[in-house]
Amino acid sequence: MHRLARTGGTAELLRWLAGRADGWAGLVGPDGTVLHAAARTARAVVPDIAGLVAEGASALTERAAQSYSLDTGAHTALLFPLSADDRAAPVLAVVAPRPVAAGLATLLADVVLPLSVCRQAETLERKRRRVDLAESRGREAVLHLLMTGQLSIAQQVAGALRPRLPDPVRVCVVECPADGRDEVARVCVDADGGRSWIVRCPVYARHLILVMPAAEPEEGAAPADEAVAAQVGDCVVGVSEPVPLADTATGYRQAFHALAVARELRSRHARFGNSPDPALVVGPAGRQWAHDLLAPLLTHVPRRAQDPGAQELVATAGSWLAFSSHATDHLKVHRNTLAARLRLIGELLGLDLHRLADQTALDLALRVRATPAPACTPEPAPYAPTRTGPREAARALDEILLCPAVLHWAEQQLEPVLGAEETLRTWLRCEGRLGPAAAELGISVPGARKRLTRLETALQRSLLRPPSARYDLWLALRARDLAAAA
């Protein structure tokens, strides 16, 4: 009895009791509602067993008795309350064929205590899981706020959950078995003393996201990300550069790209290499271009209160560009809702979001908007639809790409793959789809995937899984082609 209480809990105890009674065993509420039940064999099926147990439980409650027995001719119902002091406590009910086995009533009296303890433990465990789930969703909400640039609200929510959000930060993505995330999270807490903000990724079931203090550890201590990679044998770790807390989205992209590199390393750990964001090199002209392109979206006023507003549409666009179809998991919306919002965004901006070129333009504009401008940068001129429409702003991207700083950035991006650009160009020309790219290259889909995996290692960026570097690479190739044609 005690072994079953420790190893199987309420369900196993009831199953064992049903076997000993050669009948039916269950827990019922004071009103006769069956909470848990187990039956020995088909012989144990009693006509209207629920009514029989309800009648016995009602009589037991009315009499405030320590036990109760009810005979039906062919069967006997034995009932024992799990708590003599709490009239709302469940009742142990056993229905056995007559004659009742000798010693069964004594056995039921003995099992009440371990059954009561099991039920209390299981109730506490359910409450703990609910608390853990609520905290996990709260942390996920804070990460979502950080990723969409809502810094002050994120800090307010994080202040109640602990630890406080550090600033500046490194973002770390840990890839591990889905059923091992809780254990890896405990290793992460031990590795850095609980200073990191740890979130179970809502998009990838195998990922943990850590928002860590950017400061290096004390001399002689290993950084938390390296310690996790060393202690957990089946995990892979990618880490960003130090970024301001407001740039957590940029840090996440960097960590994700580093993760793609780490998968190919024996150490299973990589930090993001130096690679400036294109939003930092487009200059004032690029900021004006982004302002003009996004203005119809940023000034959108929904016709109905339940329709998404400008802020919600911007968050949807950013999530979809980063996570593709997985944005439904990130935003917690139905795929039809996501599709409807994307159609509206495309209509507002005059973009065809099925085209990689238009996706790239929107991605760059959103990143420019999220990047703080230098103090000396003038404010963008007010948006004038009669002067520059959204389509004209998209075409103006070519002028931005011909700026010397952007061309230098493009050369940096493409330097690791000089002379081996055919696969990359073909893949981008096919809108980032493997099947059409493989057909155009005259190779199999697995062959195309292997080529792109090798390019990931050379570029130290993720290509096949979102967030992908395909937008940056499209810009870099377009800038080089425009410069060559000029």
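This report describes two sheets and a helix packing in a predicted model.

Residues are numbered from 1 along each chain as its sequence is written, and side-chain values use heavy atoms, with hydrogens and water left out. Because the model is predicted, local features need pLDDT of at least 70 and side-chain atom pairs count only at pLDDT 80 or more, while totals for chains, interfaces and linings use all residues. Helices (H or I, at least four residues) and strands (E, at least two) are DSSP runs, numbered from the N terminus.

**The antiparallel sheet**

One open sheet has five strands in the order β2-β1-β5-β4-β3, with antiparallel pairing; two strands pair if DSSP finds at least two bridges between them. β2 (34-39) and β3 (68-71) are the edge strands, each pairing on one side only. Direction ignored, neighbouring strands of this sheet are turned by 15° against each other on average. Axes here are lines fitted to C-alpha atoms, for helices over the stretch in contact, and angles run from 0 to 180 degrees between N-to-C directions.

Strand β5 has six of its seven residues buried, where buried means under 20% relative accessible area, exposed over 50%, and partly exposed in between (1.4 Å probe, protein chains only). Five bridges pair β5 with β1 in the antiparallel sense, and Trp24 stands opposite Val95 in β5. On the pairing with β4, His75 has Pro97 of β5 as its bridge partner, and Thr76 stands opposite Ala96 in β5. In a regular strand the side chains alternate between the two faces of the sheet. Helix α4 (residues 104-147) lies across β1 (24-28), β2, β4 and β5, and runs at about 45° to β4.

**The mixed sheet**

A further open sheet of five strands has the order β7-β8-β6-β9-β10 and mixed pairing. β7 (197-200) and β10 (269-271) each have a single partner strand, so one side of each is left without a neighbour in the sheet. The twist averages 15° from one strand to the next. Between β6 and β9, Glu175 has Val236 as its bridge partner in β9. Helix α8 (residues 248-262) packs on this sheet and touches β6, β8 (207-213), β9 and β10, its direction making about 40° with that of β6; contact means heavy atoms within 4.5 Å.

Two of the antiparallel strand pairs are set out here.

| Strand | Partner strand | Bridges |
|---|---|---|
| β4 (residues 75-81) | β5 (residues 91-97) | Seven bridges |
| β6 (residues 169-175) | β9 (residues 236-239) | Four bridges |

**Helix α20 and its neighbours**

Helix α20 (residues 470-485) has 16 residues and reaches 22 Å from its first C-alpha to its last, close to the 22 Å expected at 1.5 Å a residue; the expected span is 1.5 Å times one less than the number of residues. Its buried residues include Leu473, Leu477, Ala479 and Leu482. The buried residues of α20 pack against several helices, among them α10 (310-323), α13 (356-370) and α19 (445-459).

α13 and α20 pack at an angle of about 105°, with their axes 9 Å apart. The two helices are therefore roughly perpendicular to each other; angles under 35 degrees count as roughly parallel, over 145 as roughly antiparallel, 65 to 115 as roughly perpendicular and the rest as oblique. Residues making the contact include Leu356, Asp363 and Arg367 of α13 and Tyr471, Trp474 and Leu475 of α20.
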